[in-house]
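User: I would like to go through the cysteine links and a strand arrangement in this protein. Please keep the answers short.

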Amino acid sequence: MFNAKPFQLLRLILALACLPGRVQAEAISPLYRPAPALSGHDLAVIVNDADPLSRQIGEYYSQQRQIPAEQIIHLQFPPRQAVMSQRTFEALKQQVDAKTPAHVQAYALTWLLPFRVDCMSITTAFAAGYDPAFCAKGCQTTRNSPYFTSETDKPFKAHAWRPTMAVAGKTFEEAKKLIDTGVAADYSHPQGAAYLLKTSDKARSSRAQNFPKVAEALQNFWPVHYLEQDYISGRQDVMFYFTGLTHVPHLADNRFLPGAIADHLTSTGGVLSGGGQMSITEWLSAGATASYGAVVEPCNFPAKFPNPGVVLYFYLRGSSLIEAYWKSVQQPGQGIFVGEPLAKPFAYRPKT
């Protein structure tokens with residue numbers, strides 16, 4: 001799936017994606033090559049007109065990101081329900097497809113509920129359409145994303161997928177804080193660090209076996225701390241935080257920089273209403289700009305969760321948050337992305 005990529009980039013991505021391959025110093029060179037980032041011109045905002053909060057978030061976000069009026073898509077469906085049926089979704093998706101301008105490459109949703117479409121996440125459903133191949137009964141792998149590790153800056157043009165992220169909160173104040181943080185991140189080039197934790201929870205540390213490789217591969221480009229402990233506390237420079245626990249303590253004791261990405265590998269982090277484990281919204285409340293979590297039991301397949309090496313590779317080169325995060329998940333069918341999609345802290349201002 002990677003043989004069309006330049007050889008040096010191939011070797012780096014293989015290593016960071018935890019596939020066979022060894023990183024050499026010369027393989028890191030693509031990190032010096034800036035990547036383009038999606039903008040408001042490339043994004044359509046989807047609003048549920050039956051939900052006053054969705055309308056309020058959609059209006060504010062569209063203003064802050066200068067989304068053209070023709071890229072604000074209005075729908076009507078019952079709000080505040082955790083799960084949407086396949087039938088309801090497919091009728092709505094037809095409307096969205098018909099209203100989306102051809103140049104649009106990604107979507108932003110403006111609600112937390114619903115977060116599922118039957119057995120798959122709502123963000124993947126809008127990105128690629130409903131497909132049972134994204135679901136699994138028991139511990140099974142699911143459909144792969146063609147966008148995984150892709151070098152394209154035009155996902156719909158290249159893969160017929162529009163990566164999707166929920167820009168939302170339980171209240172307008174929460175959503176506004178998230179949006180403002182994402183906008184503030186742009187072009188800020190923060191001096192932060194990444195924290196990759198192998199915790200005492202062995203089942204939820206399945207992706208941690210490759211964390212040392214990521215730290216080694218990026219050691220000359222970004223501070224990456226591989227730690228064997230259950231949490232961090234008192235850190236003032238958190239830009240990336242990847243761990244595995246049902247509940248992550250001391251989130252509020254750290255400072256998350258604008259544009260920060262953080263998530264925990266667990267079974268129901270993306271269950272945004274009534275889950276028994278820590279919700280990914282707690283990362284956002286603590287100051288992170290985006291998170292990802294499972295909406296149904298995914299088992300602990302690393303391919304179903306973000307790969308930190310891939311996230312860092314694209315984000316540090318200047319890609320927008322939605323691009324870097326989506327490109328890091330090989331099998332996204334059971335996980336939801338929540339955050340501010342256009343945050344681009346490592347991008348450079350376009351020349352006028």
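The questions below take the disulfides and then a sheet.

User: How many disulfides does the structure hold?
Analyst: This is a predicted model. One link is between Cys119 and Cys135. Another joins Cys139 to Cys299. The number of disulfides held by the structure is 2.

User: Numbering the bonded cysteines in sequence order, what is the pairing?
Analyst: Cys119 and Cys135 form a disulfide. Cys139 is joined to Cys299. In sequence order, the pairing is 1-2, 3-4.

User: How many residues apart in sequence are the parts that Cys119 and Cys135 tie together?
Analyst: The sulfur atoms of Cys119 and Cys135 are 2.0 Å apart. Cys119 lies in the loop between strand E5 (116–117) and strand E6 (120–121). Cys135 lies in the loop between helix H4 (122–128) and helix H5 (155–159), so the pair ties together parts whose separation in sequence is 16 residues.

User: Is the link of Cys119 and Cys135 right-handed or left-handed?
Analyst: The handedness is given with the angle about the S-S bond. For Cys119 and Cys135 that angle is 75°. The link is right-handed.

User: Is Cys135 buried or exposed?
Analyst: Its partner Cys119 has 26% relative accessibility and counts as partly exposed. Cys135 has a relative accessible area of 14%. Buried means under 20%, so Cys135 is buried.

User: How many residues apart in sequence are the parts tied together by Cys139 and Cys299?
Analyst: The S to S distance of Cys139 and Cys299 is 1.9 Å. Cys139 lies in the loop between H4 and H5. Cys299 lies in the loop between strand E12 (290–294) and helix H9 (308–316), so the pair ties together parts whose separation in sequence is 160 residues.

User: What is the angle about the S-S bond of Cys139 and Cys299?
Analyst: The link of Cys139 and Cys299 is left-handed. Its angle about the S-S bond is -80°.

User: Does Cys139 count as buried or exposed?
Analyst: Its partner Cys299 counts as buried, at 12% relative accessibility. Cys139 has 54% relative accessibility. Exposed means over 50%, so Cys139 counts as exposed.

User: Which strands stand at the edges of the open sheet?
Analyst: The sheet has 3 strands in the order E3-E5-E6, with mixed pairing. Each edge strand has a single partner strand, so one side of each is left without a neighbour in the sheet. The edge strands are E3 (83–84) and E6.

User: Which residue in E5 is the bridge partner of Met84?
Analyst: E3 and E5 pair in the parallel sense. They do so over 2 bridges. In E5, the bridge partner of Met84 is Val117.

Conventions. Residues numbered from 1 in each chain as written. Predicted model: local features only at pLDDT ≥ 70, side-chain atom pairs only at ≥ 80, totals over all residues. Heavy atoms only, no water. Disulfide = S-S within 2.5 Å. Helix = DSSP H or I, 4+ residues; strand = E, 2+ residues; numbered from the N terminus. Buried < 20%, exposed > 50% of the residue type's maximum accessible area, 1.4 Å probe, protein only. Pairing = 2+ DSSP bridges.
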